[in-house]
Amino acid sequence: MQLRRRDFHRAALWLALGSWGATTGARAASDPRWASDPFTLGVASGQPRPDSVVLWTRLVAPELQEEPAAGDRAAFAVRYEIYGDAALRQPVQQGEATAWPSRGFSVHVLAQGLQPGRDYWYRFACGNAVSPVGHTRTAPAAEADVRRLRLALASCQHYEQGFFAAHREIAAQDIDFVLFVGDYIYEGSSPAYTTRQHGSPAPHTLDEYRARHALYKRDADLQAAHAAHPWIVTLDDHEVVNDYADDRDPGYSDPARFLRRRAAAYRAYFEHVPMAIAPEGPAMRIHDRFQWGRLAELWTLDSRQYRSHHACPDPQRDAGRSVIGCSELADPSRTMLGAEQERWLAQGLAGSSRRWKLLGQATQVSATGIETPAGRSTWTDAWDGYPAARQRLLQGIVDAGVRDVVSLGGDVHRHVAADLRVRPNDSASPVVASEFIGGSVTAHGASQTAMARLRRDNPDVKHARGDQRGWALVEVTPDAMHCEMRATPHPVPVDAVFTRQAAFAVQVGRAGVESA
(Lines give C-alpha, C1' and ligand atoms only; values in the text may rest on other atoms or scores of the structure.)
Protein backbone atom coordinates (compact mmCIF):
# COMPACT_ATOMS: atom_id res chain seq x y z
CA MET A 1 0.00 0.00 0.00
CA GLN A 2 0.93 3.66 -0.19
CA LEU A 3 1.30 5.74 2.95
CA ARG A 4 -1.58 4.30 4.97
CA ARG A 5 -4.85 5.98 3.98
CA ARG A 6 -5.74 6.89 7.55
CA ASP A 7 -2.33 8.55 7.95
CA PHE A 8 -2.80 10.49 4.72
CA HIS A 9 -6.26 11.71 5.72
CA ARG A 10 -5.00 12.53 9.20
CA ALA A 11 -2.23 14.61 7.62
CA ALA A 12 -4.74 16.41 5.39
CA LEU A 13 -6.96 17.14 8.37
CA TRP A 14 -4.11 18.31 10.59
CA LEU A 15 -2.69 20.58 7.92
CA ALA A 16 -6.10 21.95 6.98
CA LEU A 17 -7.22 22.65 10.54
CA GLY A 18 -3.84 23.72 11.86
CA SER A 19 -4.02 21.18 14.67
CA TRP A 20 -0.29 20.47 15.08
CA GLY A 21 0.94 22.20 18.19
CA ALA A 22 -0.82 24.36 20.71
CA THR A 23 -2.84 27.09 18.99
CA THR A 24 -5.61 27.81 21.47
CA GLY A 25 -6.13 31.53 21.88
CA ALA A 26 -3.75 32.52 19.08
CA ARG A 27 -4.89 34.96 16.43
CA ALA A 28 -3.83 35.07 12.79
CA ALA A 29 -2.67 38.39 11.40
CA SER A 30 -4.08 38.46 7.86
CA ASP A 31 -2.30 41.54 6.53
CA PRO A 32 0.92 42.19 8.45
CA ARG A 33 3.30 44.87 7.30
CA TRP A 34 6.83 43.51 7.35
CA ALA A 35 9.92 45.57 8.08
CA SER A 36 12.13 42.81 6.65
CA ASP A 37 11.65 39.82 4.33
CA PRO A 38 10.18 36.85 6.29
CA PHE A 39 10.84 34.36 3.44
CA THR A 40 14.63 34.26 3.76
CA LEU A 41 14.63 30.44 4.13
CA GLY A 42 13.06 30.02 0.70
CA VAL A 43 10.40 27.56 -0.42
CA ALA A 44 10.26 23.82 -0.98
CA SER A 45 8.01 21.00 -2.12
CA GLY A 46 8.03 17.29 -1.48
CA GLN A 47 6.35 13.90 -1.27
CA PRO A 48 5.05 13.99 -4.87
CA ARG A 49 2.05 11.76 -5.57
CA PRO A 50 -0.21 11.61 -8.64
CA ASP A 51 -2.71 14.10 -7.21
CA SER A 52 -0.83 15.96 -4.49
CA VAL A 53 2.39 17.49 -3.25
CA VAL A 54 3.43 19.13 0.00
CA LEU A 55 4.41 22.80 -0.23
CA TRP A 56 6.62 24.37 2.47
CA THR A 57 7.96 27.65 3.69
CA ARG A 58 8.83 29.18 7.06
CA LEU A 59 8.58 32.77 8.23
CA VAL A 60 11.87 33.59 9.95
CA ALA A 61 12.57 36.27 12.57
CA PRO A 62 9.26 37.99 11.88
CA GLU A 63 9.82 41.74 12.19
CA LEU A 64 6.71 43.85 11.87
CA GLN A 65 6.52 47.57 11.44
CA GLU A 66 4.19 47.41 14.44
CA GLU A 67 5.14 44.51 16.76
CA PRO A 68 2.41 42.91 18.95
CA ALA A 69 2.83 43.18 22.70
CA ALA A 70 5.49 40.92 24.24
CA GLY A 71 4.17 37.41 24.79
CA ASP A 72 1.24 38.03 22.45
CA ARG A 73 2.82 37.54 19.04
CA ALA A 74 0.20 36.71 16.46
CA ALA A 75 0.05 33.79 14.13
CA PHE A 76 0.17 34.82 10.49
CA ALA A 77 -2.14 34.00 7.61
CA VAL A 78 -0.03 32.87 4.65
CA ARG A 79 -1.53 32.68 1.17
CA TYR A 80 -0.34 30.13 -1.34
CA GLU A 81 -0.82 30.13 -5.10
CA ILE A 82 -0.21 27.28 -7.56
CA TYR A 83 0.18 27.84 -11.30
CA GLY A 84 0.42 25.68 -14.39
CA ASP A 85 3.17 27.74 -16.01
CA ALA A 86 6.46 29.38 -15.08
CA ALA A 87 5.15 32.83 -16.03
CA LEU A 88 2.40 32.47 -13.39
CA ARG A 89 -0.37 33.25 -15.88
CA GLN A 90 -2.33 30.00 -15.47
CA PRO A 91 -3.71 29.86 -11.91
CA VAL A 92 -4.56 26.36 -10.74
CA GLN A 93 -5.20 26.62 -7.03
CA GLN A 94 -4.96 29.06 -4.16
CA GLY A 95 -5.66 28.99 -0.46
CA GLU A 96 -4.54 30.07 2.96
CA ALA A 97 -2.56 28.42 5.74
CA THR A 98 -1.58 29.63 9.19
CA ALA A 99 1.97 30.06 10.43
CA TRP A 100 1.71 29.40 14.18
CA PRO A 101 4.31 30.52 16.72
CA SER A 102 4.18 27.02 18.26
CA ARG A 103 5.35 25.60 14.93
CA GLY A 104 8.21 28.02 14.47
CA PHE A 105 6.05 29.88 11.92
CA SER A 106 6.49 27.00 9.45
CA VAL A 107 3.85 26.31 6.81
CA HIS A 108 2.99 22.91 5.31
CA VAL A 109 0.33 22.83 2.62
CA LEU A 110 -0.91 19.47 1.39
CA ALA A 111 -1.97 20.60 -2.08
CA GLN A 112 -4.48 18.06 -3.38
CA GLY A 113 -6.57 17.73 -6.52
CA LEU A 114 -3.59 18.19 -8.85
CA GLN A 115 -3.08 16.42 -12.18
CA PRO A 116 -0.64 13.48 -12.43
CA GLY A 117 2.71 13.90 -14.13
CA ARG A 118 2.42 17.68 -14.29
CA ASP A 119 4.79 20.55 -13.63
CA TYR A 120 3.54 23.26 -11.30
CA TRP A 121 4.90 26.53 -9.98
CA TYR A 122 3.98 27.99 -6.60
CA ARG A 123 4.63 30.87 -4.24
CA PHE A 124 3.55 32.18 -0.86
CA ALA A 125 2.54 35.64 0.32
CA CYS A 126 2.03 37.15 3.75
CA GLY A 127 0.95 40.73 4.05
CA ASN A 128 3.29 42.87 1.98
CA ALA A 129 5.88 40.05 1.56
CA VAL A 130 6.02 37.57 -1.34
CA SER A 131 8.20 34.46 -1.43
CA PRO A 132 10.43 33.25 -4.26
CA VAL A 133 8.73 31.04 -6.84
CA GLY A 134 9.22 27.29 -6.57
CA HIS A 135 8.79 24.53 -9.15
CA THR A 136 7.41 21.09 -8.41
CA ARG A 137 6.16 18.01 -10.25
CA THR A 138 3.52 15.44 -9.38
CA ALA A 139 4.07 11.72 -9.79
CA PRO A 140 2.60 10.03 -12.88
CA ALA A 141 -0.73 8.23 -12.64
CA ALA A 142 -0.45 4.88 -10.88
CA GLU A 143 -0.92 2.84 -14.06
CA ALA A 144 0.93 5.18 -16.43
CA ASP A 145 3.42 3.64 -18.85
CA VAL A 146 6.38 5.73 -17.71
CA ARG A 147 9.52 5.47 -19.83
CA ARG A 148 11.94 7.40 -17.62
CA LEU A 149 12.54 8.47 -14.04
CA ARG A 150 15.49 10.73 -13.18
CA LEU A 151 16.42 11.54 -9.60
CA ALA A 152 19.30 13.08 -7.67
CA LEU A 153 20.65 10.98 -4.80
CA ALA A 154 22.29 13.04 -2.06
CA SER A 155 23.16 12.99 1.64
CA CYS A 156 25.55 14.21 4.34
CA GLN A 157 25.74 17.99 4.00
CA HIS A 158 27.97 19.17 6.83
CA TYR A 159 27.85 22.97 6.77
CA GLU A 160 31.30 23.35 8.30
CA GLN A 161 33.12 20.99 5.95
CA GLY A 162 32.45 22.67 2.62
CA PHE A 163 30.01 24.59 0.47
CA PHE A 164 26.77 23.17 -0.92
CA ALA A 165 27.82 23.54 -4.56
CA ALA A 166 26.40 20.07 -5.28
CA HIS A 167 22.95 21.54 -4.79
CA ARG A 168 23.67 24.24 -7.35
CA GLU A 169 24.35 21.54 -9.92
CA ILE A 170 21.32 19.52 -8.78
CA ALA A 171 19.10 22.60 -9.16
CA ALA A 172 20.10 22.90 -12.84
CA GLN A 173 19.30 19.27 -13.69
CA ASP A 174 16.25 17.95 -15.52
CA ILE A 175 15.13 15.54 -12.81
CA ASP A 176 11.84 14.40 -11.31
CA PHE A 177 12.84 14.69 -7.65
CA VAL A 178 15.70 14.79 -5.17
CA LEU A 179 16.08 11.75 -2.91
CA PHE A 180 17.90 12.91 0.21
CA VAL A 181 18.78 9.97 2.46
CA GLY A 182 20.00 11.55 5.66
CA ASP A 183 22.24 13.94 7.58
CA TYR A 184 20.40 17.05 6.41
CA ILE A 185 22.08 18.94 9.25
CA TYR A 186 25.00 18.09 11.51
CA GLU A 187 24.71 18.65 15.22
CA GLY A 188 28.44 18.52 15.90
CA SER A 189 31.64 20.12 14.69
CA SER A 190 34.91 18.72 13.37
CA PRO A 191 37.61 21.39 13.84
CA ALA A 192 40.09 19.58 11.60
CA TYR A 193 37.77 19.91 8.57
CA THR A 194 36.25 23.36 9.10
CA THR A 195 35.69 25.53 6.02
CA ARG A 196 32.97 27.69 7.59
CA GLN A 197 31.49 27.59 11.07
CA HIS A 198 28.18 26.78 12.70
CA GLY A 199 28.81 29.58 15.15
CA SER A 200 26.96 27.82 17.97
CA PRO A 201 27.43 24.70 20.13
CA ALA A 202 25.70 21.39 19.47
CA PRO A 203 21.90 21.78 19.73
CA HIS A 204 19.83 20.11 22.44
CA THR A 205 16.64 22.18 22.64
CA LEU A 206 13.95 22.95 20.11
CA ASP A 207 15.11 26.55 19.65
CA GLU A 208 18.71 25.37 19.15
CA TYR A 209 17.72 22.80 16.52
CA ARG A 210 15.54 25.42 14.81
CA ALA A 211 18.53 27.77 14.65
CA ARG A 212 20.78 25.05 13.18
CA HIS A 213 18.23 24.22 10.48
CA ALA A 214 17.74 27.90 9.68
CA LEU A 215 21.50 28.32 9.24
CA TYR A 216 21.58 25.51 6.69
CA LYS A 217 18.42 26.70 4.96
CA ARG A 218 19.92 30.15 4.38
CA ASP A 219 22.48 28.59 2.02
CA ALA A 220 21.61 29.86 -1.47
CA ASP A 221 22.53 26.63 -3.26
CA LEU A 222 20.42 24.48 -0.93
CA GLN A 223 17.51 26.88 -1.40
CA ALA A 224 17.92 26.63 -5.17
CA ALA A 225 17.70 22.83 -5.18
CA HIS A 226 14.59 22.94 -3.00
CA ALA A 227 12.94 25.56 -5.21
CA ALA A 228 13.79 23.67 -8.41
CA HIS A 229 12.51 20.17 -7.57
CA PRO A 230 10.30 18.25 -5.16
CA TRP A 231 12.20 16.32 -2.49
CA ILE A 232 11.65 12.91 -0.93
CA VAL A 233 13.56 12.60 2.33
CA THR A 234 14.51 10.25 5.10
CA LEU A 235 16.74 10.75 8.15
CA ASP A 236 19.95 9.31 9.49
CA ASP A 237 21.58 10.22 12.80
CA HIS A 238 23.04 13.74 12.67
CA GLU A 239 19.59 15.32 12.48
CA VAL A 240 19.54 14.36 16.18
CA VAL A 241 22.99 13.21 17.38
CA ASN A 242 25.75 11.05 15.93
CA ASP A 243 25.10 7.29 15.94
CA TYR A 244 21.98 7.30 18.12
CA ALA A 245 20.08 4.02 18.20
CA ASP A 246 16.43 4.08 19.28
CA ASP A 247 16.44 5.64 22.77
CA ARG A 248 20.21 5.63 23.30
CA ASP A 249 22.74 8.31 22.45
CA PRO A 250 26.53 7.93 22.51
CA GLY A 251 26.80 9.38 26.02
CA TYR A 252 24.41 6.83 27.57
CA SER A 253 22.10 9.65 28.61
CA ASP A 254 19.03 8.76 30.62
CA PRO A 255 16.61 7.47 27.93
CA ALA A 256 13.84 9.86 29.01
CA ARG A 257 16.24 12.78 28.71
CA PHE A 258 17.49 11.67 25.32
CA LEU A 259 13.96 11.17 24.01
CA ARG A 260 13.18 14.77 24.95
CA ARG A 261 16.14 15.81 22.81
CA ARG A 262 14.98 13.52 19.99
CA ALA A 263 11.51 15.05 20.18
CA ALA A 264 12.99 18.55 19.82
CA ALA A 265 15.16 17.44 16.89
CA TYR A 266 12.31 15.68 15.07
CA ARG A 267 10.02 18.66 15.52
CA ALA A 268 12.63 21.10 14.19
CA TYR A 269 13.34 18.76 11.27
CA PHE A 270 9.65 18.63 10.35
CA GLU A 271 9.40 22.40 10.60
CA HIS A 272 12.07 22.73 7.89
CA VAL A 273 11.21 20.04 5.32
CA PRO A 274 8.20 19.39 3.05
CA MET A 275 6.64 16.41 4.84
CA ALA A 276 2.95 15.76 5.50
CA ILE A 277 2.84 14.10 8.91
CA ALA A 278 4.11 15.92 11.98
CA PRO A 279 5.94 14.16 14.82
CA GLU A 280 4.20 13.19 18.03
CA GLY A 281 6.79 13.83 20.72
CA PRO A 282 9.86 11.66 20.06
CA ALA A 283 8.00 9.55 17.46
CA MET A 284 7.72 10.46 13.79
CA ARG A 285 6.44 8.50 10.80
CA ILE A 286 9.53 8.61 8.57
CA HIS A 287 9.16 5.46 6.43
CA ASP A 288 6.94 5.89 3.40
CA ARG A 289 6.23 4.57 -0.08
CA PHE A 290 6.01 6.28 -3.47
CA GLN A 291 5.16 5.07 -7.00
CA TRP A 292 6.29 6.44 -10.34
CA GLY A 293 3.69 4.98 -12.68
CA ARG A 294 4.33 1.32 -13.46
CA LEU A 295 8.04 1.97 -13.82
CA ALA A 296 9.23 2.20 -10.22
CA GLU A 297 8.29 2.03 -6.57
CA LEU A 298 10.34 3.68 -3.83
CA TRP A 299 10.37 2.83 -0.15
CA THR A 300 12.01 5.37 2.18
CA LEU A 301 13.20 3.58 5.31
CA ASP A 302 13.79 4.62 8.92
CA SER A 303 16.93 2.93 10.19
CA ARG A 304 17.35 4.85 13.47
CA GLN A 305 14.10 5.10 15.40
CA TYR A 306 13.43 1.38 15.84
CA ARG A 307 16.87 -0.23 15.59
CA SER A 308 18.45 -2.41 18.26
CA HIS A 309 21.25 -0.85 20.27
CA HIS A 310 24.77 -1.33 18.92
CA ALA A 311 26.34 -4.74 19.43
CA CYS A 312 29.29 -4.94 21.82
CA PRO A 313 29.29 -1.21 22.63
CA ASP A 314 32.14 0.65 24.25
CA PRO A 315 31.10 1.03 27.92
CA GLN A 316 32.30 4.64 27.91
CA ARG A 317 30.72 5.84 24.67
CA ASP A 318 28.14 3.99 22.59
CA ALA A 319 28.90 5.04 19.02
CA GLY A 320 29.59 2.95 15.95
CA ARG A 321 32.97 1.24 16.17
CA SER A 322 34.99 -1.59 14.68
CA VAL A 323 34.74 -4.85 16.63
CA ILE A 324 36.34 -8.29 16.26
CA GLY A 325 34.83 -11.47 17.66
CA CYS A 326 31.53 -9.91 18.77
CA SER A 327 29.11 -12.83 19.17
CA GLU A 328 26.20 -10.45 19.78
CA LEU A 329 26.23 -9.57 16.08
CA ALA A 330 24.73 -12.98 15.25
CA ASP A 331 21.71 -12.54 17.55
CA PRO A 332 18.69 -13.15 15.26
CA SER A 333 16.49 -10.84 17.32
CA ARG A 334 18.56 -7.80 16.44
CA THR A 335 16.90 -5.43 13.99
CA MET A 336 17.79 -2.35 11.95
CA LEU A 337 14.22 -1.38 11.01
CA GLY A 338 12.09 -2.80 13.81
CA ALA A 339 9.73 -5.74 13.38
CA GLU A 340 6.75 -3.73 12.14
CA GLN A 341 8.72 -1.84 9.50
CA GLU A 342 10.43 -5.08 8.41
CA ARG A 343 7.03 -6.67 7.79
CA TRP A 344 5.72 -3.57 6.03
CA LEU A 345 8.69 -3.56 3.66
CA ALA A 346 8.69 -7.30 3.02
CA GLN A 347 4.98 -7.29 2.22
CA GLY A 348 5.35 -4.25 0.00
CA LEU A 349 8.21 -5.75 -1.98
CA ALA A 350 6.43 -9.06 -2.40
CA GLY A 351 3.25 -7.38 -3.59
CA SER A 352 4.77 -4.77 -5.88
CA SER A 353 3.89 -4.92 -9.58
CA ARG A 354 6.24 -2.09 -10.56
CA ARG A 355 9.29 -2.85 -12.71
CA TRP A 356 11.92 -1.42 -10.34
CA LYS A 357 11.87 -1.55 -6.55
CA LEU A 358 14.03 1.15 -4.95
CA LEU A 359 15.03 1.32 -1.29
CA GLY A 360 15.88 4.84 -0.10
CA GLN A 361 17.73 4.27 3.16
CA ALA A 362 20.48 5.90 5.13
CA THR A 363 23.59 3.73 5.01
CA GLN A 364 25.54 0.96 3.24
CA VAL A 365 23.90 -2.46 2.95
CA SER A 366 26.83 -4.33 1.42
CA ALA A 367 29.56 -5.65 3.72
CA THR A 368 32.53 -3.42 4.52
CA GLY A 369 34.48 -5.45 7.09
CA ILE A 370 38.28 -5.56 7.02
CA GLU A 371 40.40 -8.68 7.48
CA THR A 372 42.99 -8.35 10.27
CA PRO A 373 45.41 -10.82 11.89
CA ALA A 374 43.00 -11.05 14.83
CA GLY A 375 39.96 -11.70 12.63
CA ARG A 376 37.45 -9.73 10.59
CA SER A 377 36.74 -6.25 11.86
CA THR A 378 33.09 -5.17 11.61
CA TRP A 379 31.66 -1.64 11.81
CA THR A 380 28.65 -1.79 14.13
CA ASP A 381 26.65 1.27 13.04
CA ALA A 382 25.87 0.18 9.46
CA TRP A 383 24.03 -2.90 8.16
CA ASP A 384 27.18 -4.92 8.94
CA GLY A 385 26.25 -4.42 12.59
CA TYR A 386 22.86 -6.02 11.96
CA PRO A 387 23.69 -9.04 9.78
CA ALA A 388 20.61 -11.08 10.76
CA ALA A 389 18.34 -8.18 9.78
CA ARG A 390 20.18 -7.80 6.47
CA GLN A 391 19.84 -11.52 5.79
CA ARG A 392 16.08 -11.41 6.52
CA LEU A 393 15.70 -8.53 4.08
CA LEU A 394 17.62 -10.19 1.26
CA GLN A 395 16.31 -13.71 1.89
CA GLY A 396 12.79 -12.28 1.81
CA ILE A 397 13.50 -10.88 -1.64
CA VAL A 398 14.60 -14.36 -2.77
CA ASP A 399 11.70 -16.19 -1.15
CA ALA A 400 9.12 -13.85 -2.67
CA GLY A 401 10.73 -14.02 -6.11
CA VAL A 402 11.21 -10.25 -6.21
CA ARG A 403 13.51 -8.93 -8.93
CA ASP A 404 15.07 -5.61 -9.83
CA VAL A 405 15.66 -4.32 -6.29
CA VAL A 406 18.19 -1.50 -5.87
CA SER A 407 19.23 0.13 -2.60
CA LEU A 408 20.04 3.84 -2.71
CA GLY A 409 22.05 4.88 0.35
CA GLY A 410 24.22 7.51 2.01
CA ASP A 411 25.91 8.01 5.41
CA VAL A 412 29.37 6.59 4.60
CA HIS A 413 30.76 9.64 2.73
CA ARG A 414 31.77 7.68 -0.34
CA HIS A 415 30.40 6.81 -3.76
CA VAL A 416 29.66 3.09 -3.92
CA ALA A 417 28.42 0.54 -6.44
CA ALA A 418 27.94 -2.98 -5.08
CA ASP A 419 26.25 -6.34 -5.48
CA LEU A 420 24.01 -7.64 -2.69
CA ARG A 421 23.93 -11.34 -1.72
CA VAL A 422 22.20 -13.18 1.11
CA ARG A 423 25.69 -14.25 2.19
CA PRO A 424 27.94 -11.25 1.53
CA ASN A 425 31.08 -11.79 -0.55
CA ASP A 426 30.28 -15.50 -1.03
CA SER A 427 30.47 -16.29 -4.73
CA ALA A 428 28.30 -19.37 -4.13
CA SER A 429 25.48 -17.09 -2.94
CA PRO A 430 23.66 -15.54 -5.93
CA VAL A 431 23.46 -11.78 -6.35
CA VAL A 432 19.86 -10.85 -5.49
CA ALA A 433 19.91 -7.02 -5.50
CA SER A 434 22.12 -4.02 -6.27
CA GLU A 435 23.34 -0.96 -4.41
CA PHE A 436 24.37 2.62 -5.17
CA ILE A 437 25.54 5.24 -2.67
CA GLY A 438 25.72 8.85 -3.80
CA GLY A 439 28.71 10.12 -1.84
CA SER A 440 28.38 13.12 0.48
CA VAL A 441 27.56 16.72 -0.32
CA THR A 442 30.42 17.98 1.88
CA ALA A 443 31.23 15.58 4.76
CA HIS A 444 34.79 14.24 4.59
CA GLY A 445 35.49 10.60 3.70
CA ALA A 446 38.21 7.98 3.70
CA SER A 447 41.38 7.87 1.62
CA GLN A 448 41.94 5.95 -1.58
CA THR A 449 44.22 3.60 0.36
CA ALA A 450 41.44 2.76 2.80
CA MET A 451 38.97 2.26 -0.05
CA ALA A 452 41.37 -0.09 -1.87
CA ARG A 453 41.56 -2.21 1.27
CA LEU A 454 37.78 -2.20 1.63
CA ARG A 455 37.35 -3.42 -1.95
CA ARG A 456 40.04 -6.06 -1.51
CA ASP A 457 38.29 -7.57 1.52
CA ASN A 458 34.78 -7.16 0.09
CA PRO A 459 34.63 -8.31 -3.54
CA ASP A 460 30.90 -7.47 -3.71
CA VAL A 461 31.89 -3.79 -3.64
CA LYS A 462 32.74 -2.96 -7.24
CA HIS A 463 33.43 0.72 -6.68
CA ALA A 464 34.18 2.78 -3.57
CA ARG A 465 35.76 6.21 -3.52
CA GLY A 466 35.78 8.43 -0.45
CA ASP A 467 38.26 11.21 -1.23
CA GLN A 468 35.79 13.22 -3.32
CA ARG A 469 32.46 14.85 -2.52
CA GLY A 470 29.30 14.94 -4.57
CA TRP A 471 26.04 13.27 -5.43
CA ALA A 472 24.64 10.77 -7.94
CA LEU A 473 22.36 11.15 -10.94
CA VAL A 474 20.14 8.09 -11.25
CA GLU A 475 18.13 7.34 -14.40
CA VAL A 476 15.58 4.53 -14.49
CA THR A 477 14.08 3.14 -17.70
CA PRO A 478 12.12 -0.06 -18.37
CA ASP A 479 15.33 -1.78 -19.52
CA ALA A 480 18.02 -0.55 -17.14
CA MET A 481 18.98 1.67 -14.27
CA HIS A 482 22.01 3.95 -14.65
CA CYS A 483 23.93 5.76 -11.94
CA GLU A 484 26.39 8.55 -12.77
CA MET A 485 28.52 9.54 -9.80
CA ARG A 486 29.18 13.28 -9.81
CA ALA A 487 32.22 14.41 -7.84
CA THR A 488 34.61 17.20 -6.96
CA PRO A 489 37.73 17.29 -4.73
CA HIS A 490 37.44 17.73 -0.98
CA PRO A 491 36.88 20.23 0.59
CA VAL A 492 34.22 21.70 -1.68
CA PRO A 493 34.84 25.36 -2.58
CA VAL A 494 31.98 27.71 -3.26
CA ASP A 495 32.66 27.59 -7.02
CA ALA A 496 33.25 23.83 -7.28
CA VAL A 497 32.93 22.08 -10.64
CA PHE A 498 31.64 18.49 -10.73
CA THR A 499 32.71 15.80 -13.17
CA ARG A 500 31.84 12.18 -13.76
CA GLN A 501 33.74 10.02 -11.29
CA ALA A 502 32.27 6.72 -12.50
CA ALA A 503 29.10 5.30 -14.01
CA PHE A 504 27.34 1.99 -13.45
CA ALA A 505 24.22 0.23 -14.62
CA VAL A 506 21.87 -2.53 -13.56
CA GLN A 507 20.09 -4.39 -16.32
CA VAL A 508 16.46 -5.34 -15.82
CA GLY A 509 16.05 -8.96 -14.78
CA ARG A 510 19.73 -9.30 -13.83
CA ALA A 511 20.81 -8.28 -10.32
CA GLY A 512 24.25 -6.77 -9.88
CA VAL A 513 26.10 -3.67 -11.03
CA GLU A 514 28.22 -3.32 -14.16
CA SER A 515 30.35 -0.51 -15.53
CA ALA A 516 28.54 1.80 -17.90
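The exercises below work through a predicted model of one protein, each with a solution in steps.

**Exercise 1. The whole protein**

Task: Find how many helices and strands the protein has, and decide whether the protein is as compact as a globular protein of its length or not.

Solution.
- Step 1. Start with the elements: the protein has 8 helices and 26 strands.
- Step 2. Compare the radius of gyration with the globule rule. The radius is 22 Å, and the rule gives 24 Å for 516 residues; the two are close, so the protein is as compact as a globular protein of that length.
- Step 3. Add the dimensions. Along the principal axes, the C-alpha atoms fill a box of roughly 70 × 55 × 45 Å.
- Step 4. Turn to burial and surface. Of the 516 residues, 60% count as buried. The protein exposes about 19300 Å², and 50% of this area comes from carbon and sulfur atoms.
- Step 5. Look at the contacts. Among those with a separation of 6 or more, 73% are made by residues 24 or more positions apart.

**Exercise 2. The open sheet of 7 strands**

Task: State the strand order of the open sheet of 7 strands, name its edge strands, and say which helices pack on the sheet.

Solution.
- Step 1. The order is 13-14-16-19-21-20-22, and the pairing is mixed.
- Step 2. The edges are strand 13 (288–292) and strand 22 (461–465), each of which pairs on one side only.
- Step 3. With direction ignored, neighbouring strands of this sheet are turned by 20 degrees against each other on average.
- Step 4. Helix 6 (residues 339–351) packs on the sheet and touches strand 13, strand 14 (296–300) and strand 16 (356–360). The direction of helix 6 makes about 175 degrees with that of strand 14.
- Step 5. Helix 7 (residues 387–399) also packs on the sheet, where it touches strand 16, strand 19 (405–409), strand 20 and strand 21 (431–438). Its direction and that of strand 21 make an angle of about 130 degrees.
- Step 6. For an antiparallel pair, take strand 20 (residues 415–421) and strand 22, which are joined over 4 bridges. Here V416 stands opposite A464 in strand 22.

**Exercise 3. Strand 16 within the sheet**

Task: Explain why strand 16 counts as largely enclosed, and identify the bridge partners of L298 and G360.

Solution.
- Step 1. Count the buried residues: 5 of the 5 residues of strand 16 are buried, so the strand is largely enclosed by the rest of the structure.
- Step 2. Check each face. W356, L358 and G360 lie on one side, K357 and L359 on the other, and all are buried.
- Step 3. Follow the pairing to strand 14. The two strands run parallel and are joined by 5 bridges; L298 has L358 in strand 16 as its bridge partner.
- Step 4. Follow the pairing to strand 19. This pair is parallel too, over 4 bridges, and G360 is partnered by L408 in strand 19.

**Exercise 4. Two buried helices**

Task: For helix 4 and helix 5, list which residues are buried and what packs against them.

Solution.
- Step 1. In helix 4 (residues 220–228), 7 of the 9 residues are buried, so the rest of the structure largely encloses it. They are D221, L222, Q223, A225, H226, A227 and A228.
- Step 2. These buried residues pack against strand 2 (43–49), strand 7 (119–126), strand 9 (134–137), helix 2 (165–171), helix 3 and strand 12.
- Step 3. Helix 5 (residues 255–271) has 17 residues and reaches 24 Å from its first C-alpha to its last, close to the expected 24 Å.
- Step 4. The buried residues of helix 5 are F258, R261, R262, A263, A264, A265, Y266, A268, Y269, F270 and E271. Their cover includes strand 3 (52–58), strand 6 (106–112), helix 3 (206–217) and strand 12 (230–233).

**Exercise 5. Two single residues**

Task: Decide whether V241 and A480 are buried or exposed, and find what each touches.

Solution.
- Step 1. V241 is found in the loop between strand 12 and helix 5. Its relative accessible area is 9%, so V241 is buried, the cut-off being under 20%.
- Step 2. Beyond four places in sequence, V241 contacts E187, D249, P250, F258 and R261.
- Step 3. A480 belongs to strand 24 (residues 480–489) and, at 5% relative accessibility, counts as buried.
- Step 4. Leaving out residues up to four places away, A480 touches W356, E475, V506, Q507 and V508. The C-alpha atoms of A480 and V508 are separated by 5.2 Å, although the two residues are 28 apart along the chain.

Note on methods: Residues are numbered from 1 along each chain as its sequence is written. This is a predicted model: local features need pLDDT of at least 70, side-chain atom pairs count only at pLDDT 80 or more; totals for chains, interfaces and linings use all residues. Side-chain values use heavy atoms; hydrogens and water are left out. The expected span of a helix is 1.5 Å times one less than its number of residues. Buried means under 20% relative accessible area, exposed over 50%, partly exposed in between (1.4 Å probe, protein chains only). Contact means heavy atoms within 4.5 Å. Two strands pair if DSSP finds at least two bridges between them. Axes are lines fitted to C-alpha atoms, for helices over the stretch in contact, and angles run from 0 to 180 degrees between N-to-C directions. The radius of gyration is taken over C-alpha atoms; the globule rule is 2.2 Å times the number of residues to the power 0.38. Accessible areas come from the Shrake-Rupley method with a 1.4 Å probe; for residues, only the protein chains shown count as cover.
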